[in-house]
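Student: Got a minute to look at a model with me? I'd like to start with the ligand site.
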Amino acid sequence: MPVASRAEVRAAALSDLAADRKAVVGVVLVNGLASAAGLVGPLLLGRIIDTIQAGSGDVLGAVDRLAFGALLFTVVQTVLSWWALKLGYRYGERTAARVRERFLRRTLALPPRVADHLPAGDLIARGSNDASLVAYTLRAAVPEVLVAIVHAVFLVVAVLVLDPLLGLCGLVCLIGVGAAVRWYLRRARPAYLAVAATSAEMADAVASTAKGARTVELLGLEQRRTEVTEAAVTRARSARLDALWLRTVLFPWSEIALALPVVGVLLVGGALYGNDVVSLGTVVTAAVYLRQLIGPLDTLMLWIEQLQGAGASYARVEGVGDIPQADAQVAQRVSDERIRVDNAHYSYTGVRDVLRGIDLSVRPGERLAIVGTSGAGKSTLARLLAGLDRPHTGAVTIGGTPVADLPPDQLREHVVLITQDHHIFHDTIRDNLLIAKPSATDEEMRAALDAVGAGWLDDLAEGLDTEIGTDATLDDAGAQQLSLARVVLADPHTLILDEATSLLDPRTARQTEQSLASVLQGRTVIAIAHRLQTAHDADRIAVMEAGQLVELGTHDELVHAGRTYGKLWQTWHAESDG
Ligand SMILES: Nc1ncnc2c1ncn2[C@@H]1O[C@H](COP(=O)(O)OP(=O)(O)OP(=O)(O)O)[C@@H](O)[C@H]1O
């Protein structure tokens, strides 16, 4: 999956700052005032020293006044710093929410054919680990870093204004800190991108093993999957250790470098004072300013790692916007309901075509059954018809528009694929239904559940607000009904049925079939028929063999022709008669 470039991250960060520019200006302004107030204390301390040294007039009274002034400004600085942090935290919270919402919006807007091929673990890692790290950094680190930067700039300017020579001496001694940070920053971005990528790989290995647990068990792949997961864990650990190693160099180095400006100013200041070039108070004030600089610089060092890690995560979260979608999604509404497949070829691996030159036109309102031996390509054709994938050559269109180009909200108004692979969220019944039609009213939702025979809704005290998994659990038939109620709400003109009931136990299958029957009414239905009875009841039957459509016609026509379908029918008839 793509990762946003530095330029894209910069642009996204700037637009996030601009989106809340009042808050940003507020944070910087209040910070500036706090830092300015903080400069007065050391200045007055220098005056105290100079006053005592001069020793003339009311020394005690002057020192008292100066000390009171220093105390007052320290209190003012504390209050303003607290206020600046509060503004910063609020800004961070809002921006974190904006980043998360953008990620969610972009992910949900991905066409199903694109979303279906994304590595689930990586996407989950970006939406959880990466987004959380960005949110935490925006909440905690960014406000403190802003405070630290403004404070550091004020201190440096103050020491330069106080005495340019001492200021320059302090700045020269800061070069060591700059070198340490530069060395670290150069290596940190790739290191933290590697940490995030290997963590996602690890999550992907675990998620895909869990998803395919049955296959793993059936084919005895436990050892292989353990090895794959262990290799991913090893890579993640070594990437993390590499990133930690950078810190073990940065921190001791920067500790020493941070002490140097104070030492330098005291040495040079001492010499200048000895030669009567500066007053003792000025040297003390400059030394205190540079000593105070350690605070913000330490904060910056401490958060630098967090900022680097979060920067890499921010690039991964923003990278979702760069997922290639091949073709632009259609903007205009498609009104014609006719589904056509023209010379469609499809291959999963790029080596062997599992669909070859399929031509098919489905009439609005008709019931079409697709039959064929296992592996003939029925499910693959169903996926193309449902817009979950696009043919490599040829086209699958609704009213002339490629189905796979329809945005998700339009797609589900046209065609829905019903399989047993439905998902019920641990959420309220209402929220589970609103996925299909965000504007649905309570009446519409109740009517949809009623249409699929979900009478159990009346037994639930909380009704539509019942939390599934917490307040109530649904059995297989209930879960099917809930997912079919979503179909009723989406109200597509075409339904594609793939293994809708074949794997269910007989009682659940019977209930589901009844619910399904009401959903099918008045719609175009394309059913992958596992039983010839389903094919018999259809308006037309498409027969597939080894990726090709070999026969198309009514039951009677195909039986009469006596080819593939005719022979299958005869065999089945003979078996059921016998
Ligand atoms: N994800 C996949 N990756 C690679 N090959 C696949 C994938 N899914 C299906 N195939 C292959 O594509 C071919 C067509 O499979 P498909 O599932 O469409 O057939 P089907 O007619 O629906 O079979 P069945 O009735 O057994 O479900 C088969 O050879 C199958 O092995």
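Tutor: Sure, classes up front: Ala, Val, Leu, Ile, Met, Phe, Trp, Tyr, Cys and Pro count as nonpolar, Asp, Glu, Lys and Arg as charged, and the others, Gly among them, as polar. This is a predicted model, where local features need pLDDT of at least 70, side-chain atom pairs count only at pLDDT 80 or more, and totals for chains, interfaces and linings use all residues. Residues are numbered from 1 along each chain as its sequence is written.

Student: OK, how many nonpolar, polar and charged residues are in the shell around the ligand?
Tutor: Three nonpolar, seven polar and one charged. Among the residues surrounding the ligand are Tyr348, Thr349, Gly375, Lys378 and Thr380 (near means a C-beta atom, placed from the backbone, within 6 Å).

Student: Which helix gives the largest share of that shell?
Tutor: α11, residues 378-385, with three residues. Helices here are DSSP runs of H or I, at least four residues, numbered from the N terminus.

Student: Switching topic: what's in the largest nonpolar core?
Tutor: That core has 75 residues, and Val134, Leu166 and Ala286 are among those with the most contacts inside it. A core is a set of buried Ala, Val, Leu, Ile, Met, Phe, Trp, Tyr and Cys residues joined through C-beta atoms within 7 Å; buried means 20 or more other C-beta atoms within 10 Å of a residue's own, with C-beta atoms placed from the backbone.

Student: And which helix gives the most to this core?
Tutor: α5, with 19 residues. Apart from this core lies another, of 63 residues, including Leu385 and Val416.

Methods: Helix = DSSP H or I, 4+ residues; strand = E, 2+ residues; numbered from the N terminus. Buried ≥ 20, exposed ≤ 12 C-beta atoms within 10 Å, placed from the backbone.
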